[in-house]
Amino acid sequence: MVPVDDQAVSERARRHREVRRSLGAIPALGSQMSVRLVASWQRSQDYGVSLEAVEPSFTGTLNDESLFFECGREVLASLHQTLINEPVSLMLTDADGLVLNRMSGDTSLLRALDAVHLAPGFAYAERAVGTNGLGLAIADRAPTVVRADEHYALSLCTYTCAAVPVLDPISGHLEGCVNLTTWSTQSSNLLLALAQSAASNTSAMMLARSRGQKARVPQRGEVFRVETSRLEPGTGSLADLGPAWADVLGRAGTAIRDERIVLAVGEEGAGRATVLAQALRQAFPRDRILAASPPAPQDSEAWLGLWIPELGKPGTSILVRDVDLLPEWVAEHVRDLVVQARVRAHGGDHVPFAMTASRFDALPPALTPLVDTIVAVPPLRERTEDVLPLARLAARRARGREVTFTHAAEAALRDCGWPGNARRLVEVVTQAARRSDTIDVRHLPADVVSGASRRLTRIETFERDEIVRVLTRPGISMKEAGEELGMSRATVYRKIAHYDIHVPRTT
C-alpha cells in the first residue's frame with residue numbers, strides 16, 4: 001500500500017475543497033469528463049469514503065455461471081495472452097462493482113493490487129472506495145479512464161484504470177464492466193481502446209451465444225410529445241383494459257393530482273410509460289406531455305438540453321422513461337433541477353413529473369428522494385384480459401379501421417405468455433394486420449403459438465417454425481402435415497408436445 005503522510009492528506013483535502021467550490025452548471029460540451037469526475041468526487045465525499053485508504057467490502061460470493069462471465073472471461077483470457085509481459089491487470093466486475101476475476105503476468109502489480117484489495121470477491125463501487133475507473137464506469141454507464149490523482153483515495157493514486165460497461169445485447173441491462181489497471185507511471189493512451197475492444201467483443205459473444213435472438217436497438221434519447229389513445233370504452237381503446245390496469249391507473253392518477261412524483265416500475269414493455277401518460281392526461285387534459293427516453297451516455301448533455309428548459313413551464317407535464325439507465329451525474333442534475341422547479345412553484349402551479357424504471361432499487365441514488373409514490377405495472381401474462389383489447393387497438397392503428405380475428409388467433413394470443421409484454425404483442429399484431437384483413441393463427445409468429453420455456457437452439461427453432469407453418473395451413477390434416485414434414489403422425493404429436501405448440505386441430 002502507498003504510504004500516506006499528513007502533508008499528502010492535507011493537500012488532498014485542499015483539492016477536494018476546490019473541486020466542491022467548482023460544482024455548478026454543466027460546462028460546455030467537451031468537458032464532460034471533468035464534470036463526471038467532479039460529480040463522482042462529490043458523491044464519494046457524501047458516502048463518507050476515506051481520503052487515505054480504501055476499505056472495500058468482501059463478499060466472497062461470485063456469479064461465475066452467467067453468460068456475461070463466461071464470455072468476458074474468454075475474451076480477457078485471449079487479450080491476456082497478448083499482454084502477458086505488460087504491467088496490466090485485466091478484470092471483470094458485476095453490475096455492483098464486485099470483482100469477479102483478475103489476470104496479469106506482472107506479479108509485482110498483482111501484489112500491489114492485493115494490498116488495496118482490488119481482487120476477486122471485493123466490491124469496488126464508488127460507495128465503497130470513492131472515485132475509481134470501474135466504479136465510475138458502472139455509475140455513469142460510460143467508458144471511463146481515471147488516472148493517478150484523479151482517484152479519490154490516496155492509496156489508489158499510483159494506478160490508472162480504464163473501464164467500459166458491458167450491457168446485455170438483448171435486454172440492454174447492465175451486466176458489469178471490463179477493467180484494465182496499470183501503474184500511473186505507464187502510458188495509458190491505449191488502455192481505454194483495449195478495454196472498449198474487450199467489452200465490445202464480450203457483448204458480441206453474448207449475442208452470438210444467445211441462440212439467434214436479436215440485439216436490442218440502442219436508446220436514442222428521443223424527446224417527443226405524447227398523444228394518448230382515446231379513452232371512450234367500446235372502441236378497443238385503453239379504456240377497455242381490465243381491473244388490474246384500472247387499479248394501477250387509478251393509483252397513479254390520484255398521486256399525480258395530489259402533486260406527487262410517481263415512479264412506475266415493472267418489466268420492459270409492460271406499459272409503464274403508457275399508464276403514466278394516461279394518468280397525466282386524465283389529471284391535466286390540456287397539458288402537453290413530453291416523454292424523454294435516456295440517451296447514450298455521450299449524448300447526455302444534448303439530451304438534457306432538449307427537455308430541461310420545458311420543466312416547470314405552465315401546461316407542460318414531463319415523463320422520463322427508464323431512469324435506472326441514466327448516468328449518475330445526469331441523475332444528479334435532473335434531481336437538482338426538479339427540486340428547484342418545485343421550490344419555484346411552491347404555492348403556485350404544480351410541476352407534473354413522472355418516471356419509469358425496472359425496479360425502485362435500480363434507481364440512481366440521486367433520484368430516490370424524488371419518488372413520492374410507486375406503482376407496479378403487472379406484466380401482460382398476469383393481465384390476460386388485456387390481450388385482446390390491446391390486439392384490436394394495435395390492429396386498428398396499423399390498418400386505420402377495425403380488423404377481425406379468428407377464434408384460433410384469439411386463443412393463441414390469449415394463451416401466449418408474452419415474455420416481451422405489450423410491446424411484443426403490438427409488434428406481432430401490427431405485422432399480422434399488414435398482411436390480412438382477418439388475422440388467423442397462420443399469420444402469427446411461431447413463438448406465439450408455442451410455449452417452450454427453455455431457450456431453443458437454432459436447429460430447434462427452425463424445426464418448430466416449420467411445424468407451426470405446416471400445422472397452421474387451413475384444412476391440413478395431421479397425416480398430411482406429417483407427410484410434408486417427413487415425420488410420422490406420432491412424431492408430429494411428440495414434437496407438438498415437445499415445443500408446447502398450441503394450434504387448434506380438427507383432425
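This is a tour of selections to make in a predicted model, going from aromatic rings to cores, a cavity and a few single residues.

**Aromatic pairs**

Across the whole structure, a search finds 5 aromatic pairs. Begin by selecting Phe58 and Phe122, which form a tilted pair with 4.9 Å from centre to centre and 55° between the planes. Phe58 sits in the loop between helix 2 (32-47) and helix 3 (67-82), and Phe122 in the loop between helix 4 (107-115) and helix 5 (126-129), so this pair ties together parts that are 64 residues apart in sequence. Switch on the surface and compare the two rings. Phe58 counts as exposed, at 54% relative accessibility. Phe122 has 17% relative accessibility and counts as buried, because the cut-off for buried is under 20%.

Next, select Trp303 and Trp307. Their rings make an edge-to-face pair, 5.5 Å centre to centre and with 70° between the planes. Both residues belong to helix 10 (residues 300-307), and since they are 4 residues apart there, about one helical turn separates them. Trp303 is buried at 2% relative accessibility, and Trp307 is buried as well, with a relative accessible area of 0%. Add Phe353 to the selection: Trp303, Trp307 and Phe353 form one aromatic cluster.

**Nonpolar cores**

Which residues have the most contacts inside the largest nonpolar core? Select Leu413, Trp418, Leu425, Ile439 and Leu444 to see them; the core they belong to has 65 residues. Now centre the view on Ile439. Leaving out residues up to four places away in sequence, Ile439 touches Ala395, Val403, Thr404, Phe405, Thr406, Ala409, Val429, Ala432, Ala433 and Leu444. For the second core, which is separate and has 33 residues, select Val265, Met355, Ala357 and Val371, which are among its members.

Stay with Trp418 from the largest core for another step. Trp418 lies in the loop between helix 13 (407-415) and helix 14 (421-433). At 1% relative accessibility, Trp418 counts as buried. Look at the backbone here too: phi of Trp418 is near 50°, which is a positive value in a residue other than glycine.

**The cavity**

How many cavities of 30 Å³ or more are there? The count comes to 1, and the largest cavity has a volume of about 50 Å³. To find the place, select Leu113, Leu118, Tyr124, Asn132, Leu134, His151, Leu156, Tyr159 and Cys161, which line the largest cavity. By class, this lining has 7 nonpolar and 2 polar residues, with no charged residues.

**Ser89 and His117**

From the cavity lining, keep Leu113 selected and add Ser89, since the residues in contact with Ser89 include Leu113. Ser89 is in strand 1 (residues 88-94). Is Ser89 buried or exposed? Ser89 is buried, with a relative accessible area of 0%. Apart from neighbours within four places in sequence, Ser89 is in contact with Arg102, Met103, Ser104, Leu109, Leu113, Asn179, Leu180 and Thr181.

The last stop is His117, in the loop between helix 4 and helix 5. Phe122, from the opening pair, is in the loop between helix 4 (107-115) and helix 5 (126-129) as well. Phi of His117 is near 65°, a positive value in a residue other than glycine. His117 counts as partly exposed, at 28% relative accessibility.

Terms used
Residues numbered from 1 in each chain as written. Predicted model: local features only at pLDDT ≥ 70, side-chain atom pairs only at ≥ 80, totals over all residues. Heavy atoms only, no water. Phe/Tyr/Trp six-rings, centres within 6.5 Å; stacked < 30°, edge-to-face > 60°. Helix = DSSP H or I, 4+ residues; strand = E, 2+ residues; numbered from the N terminus. Buried < 20%, exposed > 50% of the residue type's maximum accessible area, 1.4 Å probe, protein only. Core = buried A, V, L, I, M, F, W, Y, C linked by side-chain atoms within 4.5 Å. Contact = heavy atoms within 4.5 Å. 1 Å grid on protein atoms, 1.4 Å probe; cavity = no way out; pocket = protein on both sides within 12 Å on 5 of 7 lines; lining within 4 Å. Points joined across faces, edges and corners; volume = space filled by probe spheres on them. Nonpolar A, V, L, I, M, F, W, Y, C, P; charged D, E, K, R; others polar.
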